[in-house]
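Reader: Hi! Could you walk me through this one in plain words?
Author: Happy to, let's take a look together.

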Amino acid sequence: MNVPKDSLSDPISFRKKLFTVMVFTKISTKRFFRDRLALFFGILFPLIFLFVFGSIFGKAGNSVTFNVGLINHSNRPIASQFIHEATASKIIKIDPTVTTLSSAETKMTRGQLDATLVLPSNYGAVDANKVPTGQVIVYYTENNAQAGQTLVAILQSQFQSSNSQYIQGSSPFSATSKEINTKSLTQFDYTFSGLLGFSIVGLGIFGPVNVFPELKKQGILRRLHTTPIRVWQYFTSTMASQAIIGLISLAIMFIAAMSIFHLKVVGNYLEIIVFLVFSIVMILGIGLAIGGWAKNERQAAPLANIIVFPMLFLSGTFFPRYAMPLWLQHSTTYLPLTPVIDGVRLLATEGQHLTQIGPQLGIMAIWTIVIYAIAFRVFRWE
Amino acid sequence: MARNIVSVKQLRKIYGDKETVKGISFDVEEGEVFGILGPNGAGKTTTLEMLEAIRPIDGGSAILDGINVADDPEAVKRVIGVQPQTAAFQDKQKLTEIIEMFAAAYGERVNPLEFLKEVQLDDKANSYAENLSGGQKQRLSIATAIVHSPKVFFMDEPTTGLDPQARRNLWELIQLIQSKGVTVIMTTHYMEEAELLCDRVAIMDDGKIIALDTPKKLIRDLLKRGFKKHETVEQANLEDVFIDMTGKGLRD
């Protein structure tokens, strides 16, 4: 480490040091908006992803719908309740003409149905503990596997909450009545929060990872190191400038998602902004650590890819985490990007408040401390 | 007699098991231009970097303007200006902003045009650094190094790669800086440059200083030892011809 130690008598006043941070922030922000390549990757690129994913998952309003056949072999009330809920759901569109599995199969082969739900005759039967049980069978064709699996995941998550109610001993028949929360379950909400996460990663990690090694190669950081500027001043100005750029980029994404893909933001904008700034700062730390440590691109790029790509996929950037097996859902909860994506969805589309997303904020706070402790330790000026 | 603004004693730098600077000692007087000459790998740049407080000192001591470099690197950085071997700046940054940024690194607010004028770049004030020529970048680099009125100015091979016009212009700049009372410590490969600019030179080889005196004295000593040039000395050389035919005016 070449970082000099603090001297006790420090003749450059703290105010002047903040002035340094301010000027660096101002100029590096200006520079970003003059750089076409940076603008493309920082703002346009995530927007392109938004349009691609938005048109896949955001068709017909803001929710994805599955055309399904529904065959009921059970005569128990809990089965009719299931049918009632499924009919009311905006995610599932039931084809009333399907009555047998064979007719359903024909329609599925033709692509007219995404999947078929079958309630077996014992669906809703009471088990030894007097708790109603049952298993919905989801049939789907090979090339509709994604829809089938997503349906299973949606049903699974729905059942999970009702199961917990049974275990707590509340009434079995009212249990699932309000559990289909179409507001929070639209595919696009998941996609959008994932894309916000992707955008934050793009700016915060790939930004410094690409720029720092180049600055070192040209000796620009080394030259700065001959001035009294400190690592914290340099980091803080980078943070502030990234927060400004990031907020602008994310605001554009919000506007595009709201106006084109009918994203409904029900949360408090100020809270969303505060949360996004926190997210940007935390994720930027990863970029500062990798870029600050790496001597050249050959060190920076592989390390960044090893860290970023698994995180992108496991944190629910491109497809929602509820589609993952449970063990994977549990183990990916603690990745740095997961609370960002979950948190922004909870705040923006589910209307929760910062006070309600304590677990997410906690995980992020711990990561921020860990990441910046590493970033400051490993930073090299050349 | 001027005071010693830099005092180096038994300075050492060790990389792994290789000692690149082997206990060198020298003093630099306030206001002089001090040259460090030597072939590549002699330890010139490493020596400068240790004095600039960006490379840890492994042995001996360096005192700069009364500050022990090893003890208070930040205080040293406040009184020195540094021009690195290659001048590089970030893209998409106006010259005025570059000056503004370097001044801000010292917590200072300056009028960038004043400094750009000094290095004849005021007409380029709103250009981006990537559109400058090599010589212009070197001049900009000098401007960034004097924004905080340093007492000691370090230059590492400032004229390498420049055309003769740009080189002469840079010599004038160095003399201008010296005339303001700034001490200049520079390394160079060009002997005629050292002869012209430097009040005293140290010749380094293999991590050691093998000679230290005024250029005139070093030449006299050599002649005293009976040295004779193989060719007769002409009253002009090829560079004189080049400058005579192409003029002294800057080309960029």
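**Sheet, hairpin and contact**

Author: In chain A, an open sheet of 4 strands runs in the order β2-β1-β3-β4, with mixed pairing. Strands are DSSP runs of E with at least two residues, helices are runs of H or I with at least four, and both are numbered from the N terminus. Two strands pair if DSSP finds at least two bridges between them. This is a predicted model, where local features need pLDDT of at least 70, side-chain atom pairs count only at pLDDT 80 or more, and totals for chains, interfaces and linings use all residues. Residues are numbered from 1 along each chain as its sequence is written, and chains are lettered from A and ligands numbered from 1 in the order in which they are written.

Reader: Which are the edge strands?
Author: They are β2 (92–94) and β4 (137–139) of chain A, each pairing on one side only.

Reader: And in what sense do β1(A) and β2(A) pair?
Author: Parallel, over 3 bridges. In one of them, V68(A) has I94(A) as its partner in β2(A).

Reader: Switching to chain B: how many residues lie between the strands in the hairpin of β9(B) and β10(B)?
Author: There are 2, and D206(B) takes a positive phi near 55°. The two strands run antiparallel, joined by 5 bridges.

Reader: How many residues does the contact take from each chain?
Author: It takes 25 from chain A and 26 from chain B (contact means C-beta atoms, placed from the backbone, within 7 Å).

Reader: What supplies the largest share on chain A's side?
Author: That is α1(A), with 9 residues.

Technical notes: Two residues are in contact if their C-beta atoms, placed from the backbone, lie within 7 Å.
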